[in-house]
Each structure stands twice: as structure tokens, then as C-alpha cells.
Amino acid sequence: MKKIGLICEYNPFHNGHVYHIDTIKEMYPDSVLILVLGSYFLERGDVSIISKWNKTKIALDYGVDLVIELPTLYGTNSADYFAYYAVRALSLAEVDTIVFGSESSDIEQLKAIAHSQTEEEFDERVKDHLKNGTNYPTSLSKSLGITLKSNDLLGVSYIKAIKKLCASIDPVAIQRTNDFRDDVLDDAIVSASNVRKKIKKGCSIDKYIPKYDRAFINRIDEEKMFSLLKYRIITEKHLERFLGVDEGLENKLKKEILSSQTLEELIEKIKSKRYTTSRLKRMLIHILLGIEKEDMNTDAEAYRILGFTEKGKNHLKSLNTDKLRYKMQGRSEEVEKNAALVYYELTGDASVEMDFLNKPIINERKRP
């Protein structure tokens with residue numbers, strides 16, 4: 001039986017994700033599907049509009065067999081950290097293949113790019129570009145020597161992580177059904193960011209997401225989020241200790257927060273060529289959740305199992321590892337519980353209670 005890995009955030013789960021799962025099942029009919037899932041707070045600094053427990057339930061209902069949580073410490077970090085710890089979880093789950101969406105779907109090109117330089121050489125090139133005022137995504141593309149779109153860049157990060165971990169995993173790219181900058185598209189399959197923008201505008205999203213999961217979508221209280229963040233920034237004496245607060249940004253934050261009325265306004269005042277919106281949103285999430293720079297020195301000792309089907313449970317039993325658990329420990333547990341409490345304040349979603357029960361979702365329901 002093939003063991004197929006997916007890495008997703010489901011913010012929200014939409015028709016493109018259904019297509020992703022269905023395509024994998026067509027490609028590998030005799031397989032177990034293992035998902036590493038982004039939590040309440042995500043890689044681009046966004047707050048998930050569906051809780052991780054409801055995302056788990058949806059994923060299991062639509063064909064995933066085992067759901068592993070990507071810890072917030074790593075799921076709210078830049079692409080390479082995000083990819084490394086997600087692939088590490090899949091490696092512990094002994095997957096043999098990772099299938100991801102790609103703008104180019106040219107896996108040989110992505111492999112060639114990922115293997116064309118050592119990690120040290122690549123990191124130095126990225127740093128050099130950053131020092132010259134180039135933003136992070138452009139620095140990545142320049143360091144790779146080719147311009148790639150977002151999912152291809154993430155695919156390269158997955159392949160680099162496989163190489164770094166010496167994992168026996170084959171990366172497989174499937175063609176995305178639309179362009180990643182599809183904010184104006186109105187097809188049945190559009191990006192998650194497109195769906196979120198339509199929600200903000202009050203547009204109907206019935207065409208873009210399965211009927212079943214519409215009830216799980218939360219409204220994020222952005223005013224409360226900004227108030228919590230503003231209080232944290234004003235009262236914190238040492239902002240520089242938080243992850244992402246670099247090179248005097250603490251002073252600019254202290255200054256601009258006083259005259260800002262919204263999160264968007266604050267970001268506009270402090271962003272630059274080097275500090276992109278996504279990078280600043282991640283930084284602000286780290287401040288909000290109290291994630292410090294020194295936390296990144298704490299390796300992910302274990303990953304939490306969020307849910308499984310009977311097939312997924314049987315696969316878990318076959319593994320020879322104690323690093324996939326039902327309960328987190330140490331600093332990761334502190335961060336996850338804090339994230340759950342903040343998420344509840346922002347959404348009122350009662351499913352966060354699951355974070356304190358340490359029980360996975362066991363699911364055998366077929367697709368609605």
C-alpha cells in the first residue's frame with residue numbers, strides 16, 4: 001500500500017482541495033493519505049477561518065486517513081521552516097510520496113533547482129539579497145536563479161527538506177487548475193485567498209466550497225485582534241525578544257502603533273521592500289502569541305495526531321516511533337494552548353476545547 005503525504009492549511013477547504021484529494025486517489029487507489037495540517041495561525045500570518053479541529057473533520061470526511069498537526073511554532077514561520085518541519089512529520093509517518101499542487105508541475109525542474117546548491121550557499125545568497133533591500137520572495141527566486149510562483153517555490157522547499165532529512169520520499173507535482181494570482185477569477189475552483197476576499201466583500205461563496213463545510217467558517221474579530229496586539233506592543237518592554245522583530249523594528253512598532261487604528265494601517269506604516277506584508281503579519285502573530293526567538297532553538301520533539309480513520313489508525317500502529325502522539329509536551333504544548341485561547345477570543349469557536357482534551361477525532365463517515 002502506498003503512503004501518500006499532503007501538506008495543507010485549508011483556509012478554507014475548497015473545491016481545489018477536493019480536486020487535490022480526488023486526483024491523489026485516482027493516481028494511487030491503494031493508498032493511505034496522511035495530511036500535515038496548518039493550525040489556527042498560518043504560514044502567511046493569517047488566522048484560519050476554520051478551526052484546526054473542524055479542518056481535521058472535513059479532511060477525514062473527504063478521504064484523508066491520518067491528520068498530523070504542524071505545530072504553531074513552525075506553521076507560522078517562513079517557507080523553508082514550514083516545509084522542513086512539515087516534511088519531517090511526514091517522514092516520521094513513513095510516507096513514500098508527497099503530492100503537492102504546482103503552477104508548472106515540472107517536478108524535474110523543481111528537483112534540479114533544489115539540488116543545484118548546498119543549503120549553506122543558498123542561505124548566504126538569500127541573506128545577500130535581503131541585505132540589498134530585496135524582499136524575501138524575490139530573494140528566494142534570485143537565489144534559485146529562476147522566477148517561480150508561490151506553490152513552485154514551496155515545492156522547492158519541500159524537495160530541499162527531503163534532501164536535508166535524507167528522507168526516502170518522492171515528490172510529485174500535480175498541475176494547479178488556476179493561476180495563483182487569481183483574485184479576479186470566478187471559476188468553480190479558485191484559491192483560498194480568493195475565497196477569503198469574497199467572504200470579506202460579503203459575496204456568496206457557495207460556488208467555491210463544498211456545502212458541507214460552510215457552517216464551519218468563522219468570522220475573525222479583527223478589531224479585537226488589533227486591540228490585543230496593540231496592548232501587547234504598548235506594554236511589552238522587550239519586543240525584540242519575539243520572533244521576527246529584527247533590526248530596530250521594535251522602535252518603529254512602538255511608534256506607529258499609537259497612531260494606527262487597524263492592523264492593515266499598522267502594516268502599511270511599517271512595511272518596506274525588505275519587510276513584506278506576509279513577513280510582518282507573521283511577526284505580529286508571534287508577538288500576539290508570545291513566540292520568542294529562542295523558541296526556534298527548541299526542536300519539534302513530537303507532533304500531535306489530530307484525527308484518523310480506521311485505515312489511518314492501523315497505519316499508526318505499524319510505525320516504529322514515539323514522536324507522533326495524542327498529547328503535546330513542553331514549549332510546543334504551551335504555544336498550542338495559548339493559540340487555542342487566543343483563537344477562541346477571536347472567533348468564539350468552541351471546538352478549541354479539544355486542545356485541552358488530548359483526544360483525536362476518530363472518523364469513518366463517508367463524504368457528505
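# Briefing: charged and aromatic contacts

The structure holds 27 salt bridges. The model is a predicted one. A search of the whole structure also finds 10 aromatic pairs. The points below describe some of these contacts, together with a charged surface patch and one further residue.

**Salt bridge between Lys 2 and Asp 96**

- Side chains of opposite charge can pair when their charged atoms come close.
- Lys 2 and Asp 96 form a salt bridge through their side chains, with 3.4 Å from N to O.
- Lys 2 belongs to strand S1, while Asp 96 sits in the loop between helix H4 (79–92) and strand S4 (97–102), so this salt bridge ties together parts that are 94 residues apart in sequence.
- Lys 2 counts as partly exposed because its relative accessibility is 32%, and partly exposed residues lie between the limits of 20% and 50%.

**A network of salt bridges**

- The side chains of Asp 355 and Lys 52 meet in a salt bridge of 2.7 Å, N to O.
- Asp 355 is found in the loop between H15 and strand S8 (361–362), and Lys 52 is in helix H2, so the pair ties together parts that are 303 residues apart in sequence.
- Asp 355 and Lys 52 are both buried.
- Glu 69 and Arg 304 also meet through their side chains in a salt bridge, at 3.0 Å from N to O.
- Because Glu 69 lies in strand S3 and Arg 304 in strand S6, this pair ties together parts that are 235 residues apart in sequence.
- Glu 69 is buried, with a relative accessible area of 1%, and Arg 304 is buried as well, with a relative accessible area of 3%.
- Salt bridges with shared partners join Lys 52, Glu 69, Arg 304, Glu 336 and Asp 355 into one network.

**Aromatic pairs**

- Among the 10 aromatic pairs found in the whole structure is the one formed by Phe 13 and Tyr 62, which is tilted, with 5.1 Å centre to centre and 45° between the planes.
- This pair links distant parts of the chain, 49 residues apart: Phe 13 is in the loop between strand S1 (2–8) and helix H1 (15–27), and Tyr 62 is in the loop between helix H2 (52–61) and strand S3 (66–69).
- Phe 13 is buried, with a relative accessible area of 0%, and Tyr 62 counts as buried at 6% relative accessibility.
- The ring centres of Phe 308 and Tyr 326 are 6.3 Å apart and their planes stand at 50°, so this pair is tilted.
- Phe 308 and Tyr 326 link distant parts of the chain, 18 residues apart: Phe 308 lies in strand S6 (residues 303–308), and Tyr 326 lies in the loop between strand S7 (324–325) and helix H15 (330–347).
- Phe 308 counts as buried at 4% relative accessibility, whereas Tyr 326 is partly exposed, with a relative accessible area of 39%.
- A cluster linked by ring pairs contains Tyr 10, Phe 13, Tyr 62, Tyr 212 and Phe 216.

**A charged patch on the surface**

- A patch of negative charge on the surface gathers Glu 120, Asp 123, Glu 124 and Asp 128.
- Asp 123 is part of helix H6 (residues 119–131) and is partly exposed, with a relative accessible area of 31%.

**Glu 333 in helix H15**

- Glu 333 lies in helix H15 and is buried, with a relative accessible area of 16%.
- From C-alpha to C-alpha, Glu 333 and Leu 266 are 30 Å apart in space, and they are 67 residues apart in sequence.

Conventions:
Residues numbered from 1 in each chain as written. Predicted model: local features only at pLDDT ≥ 70, side-chain atom pairs only at ≥ 80, totals over all residues. Heavy atoms only, no water. Patch = residues over 30% accessible without salt bridge, like charges linked within 9 Å, V, L, I, M, F, W, Y side chains within 5 Å. Areas by Shrake-Rupley, 256 points an atom, 1.4 Å probe, with all protein chains shown as cover. Salt bridge = Lys/Arg side-chain N within 4 Å of Asp/Glu carboxyl O. Lys, Arg positive; Asp, Glu negative; His and termini not counted. Charge placed at Lys NZ, Arg CZ, Asp CG, Glu CD. Helix = DSSP H or I, 4+ residues; strand = E, 2+ residues; numbered from the N terminus. Buried < 20%, exposed > 50% of the residue type's maximum accessible area, 1.4 Å probe, protein only. Phe/Tyr/Trp six-rings, centres within 6.5 Å; stacked < 30°, edge-to-face > 60°.
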